[in-house]
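The following exercises concern salt bridges and the exposure of the residues that form them. Please examine the sequence and the structure before working through each solution.

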Amino acid sequence: MRAKGLSTVGLCVAFGLALLAAAARAQTAAPTRDDIVGKLNHFEEAGEVDLPALKQQVMERAKARIKNDPGPVNRPPIAPDLAKLPTFNAQIQFDADTPIIQPASYQTVGRIADALVHSSLLPYTFLIVGHVESNSKTREANAILSQRRADAIRDVLVNTFKISTKRLHPIGLGEEQFLDRAKPTSTVNGQLQILTYAKVPEDTPAHPAAAPAPAAKKPAKKR
């Protein structure tokens, strides 16, 4: 009887481990193209964000030594208007403290590329927003790292998947805009975001060259 009881316990443990493994696989499974398209194809109006100015503001705030800094939990987002844009949050794995994408995330990056060339998203440009969770490094170092990671994703999308560089705008927000302000050290705050930003600007047609004036006919020679 004891052996039978142990066998039953063993089966239950094995079944429980199998369920945990299945749940872990489900959590790390790459999103589908349609998942991403569904998140990004609700464009209503262009984001009113001055990207060069925002990059400068991120670095200035990250470098600042403010006596009354409210701390990571209460630190206000630096670009709250981004929350108004259609957004897909991607769990991209990078090597520690580098912008090197781990092989486990290649499929996710590929699915993002597939989504961006879907017919419903071709008319738009996108922000690639990097974040970093609060850690032992300085806010300045994390701001730089988040920008490098956003740049790395843009480079793969352009160089490997041939997405037009004009449609992609990378920006790193570091610790200046947590995705979960209540838990600054959570890995959720290290997620990368793709945001539908604006319509692709139409190429201004070149002014056609003025047609040359017709050559004057020479008078017919008298015979």
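**Exercise 1.** Does K137 count as buried, partly exposed or exposed, and at what relative accessibility?

*Solution.* The model is a predicted one. Step 1: the relative accessibility of K137 is 37%. Step 2: buried means under 20% and exposed means over 50%, with partly exposed in between. Step 3: K137 therefore counts as partly exposed.

**Exercise 2.** State which side chain meets that of K137 in a salt bridge, and locate both residues along the chain.

*Solution.* Step 1: the partner of K137 is D97, with an N to O distance of 3.8 Å. Step 2: D97 lies in the loop between strand 1 (87-90) and helix 4 (106-116), whereas K137 lies in the loop between strand 2 (124-131) and helix 5 (139-159). Step 3: the two residues are 40 residues apart, and the pair links distant parts of the chain. Step 4: D97 has 47% relative accessibility, so this residue counts as partly exposed.

**Exercise 3.** Describe the salt bridge between K84 and D81, and classify the exposure of each residue.

*Solution.* Step 1: the closest N and O atoms of K84 and D81 are 3.4 Å apart. Step 2: K84, at 68% relative accessibility, counts as exposed. Step 3: D81, at 36%, counts as partly exposed.

**Exercise 4.** How many salt bridges does the structure hold, and which residues are linked in a network?

*Solution.* Step 1: the structure holds eight salt bridges. Step 2: R61, R139 and E176 are linked in a network of such contacts.

How values were computed. Residues are numbered from 1 along each chain as its sequence is written. This is a predicted model: local features need pLDDT of at least 70, side-chain atom pairs count only at pLDDT 80 or more; totals for chains, interfaces and linings use all residues. Side-chain values use heavy atoms; hydrogens and water are left out. A salt bridge is a side-chain nitrogen of Lys or Arg within 4 Å of a carboxyl oxygen of Asp or Glu. Buried means under 20% relative accessible area, exposed over 50%, partly exposed in between (1.4 Å probe, protein chains only). Helices (H or I, at least four residues) and strands (E, at least two) are DSSP runs, numbered from the N terminus.
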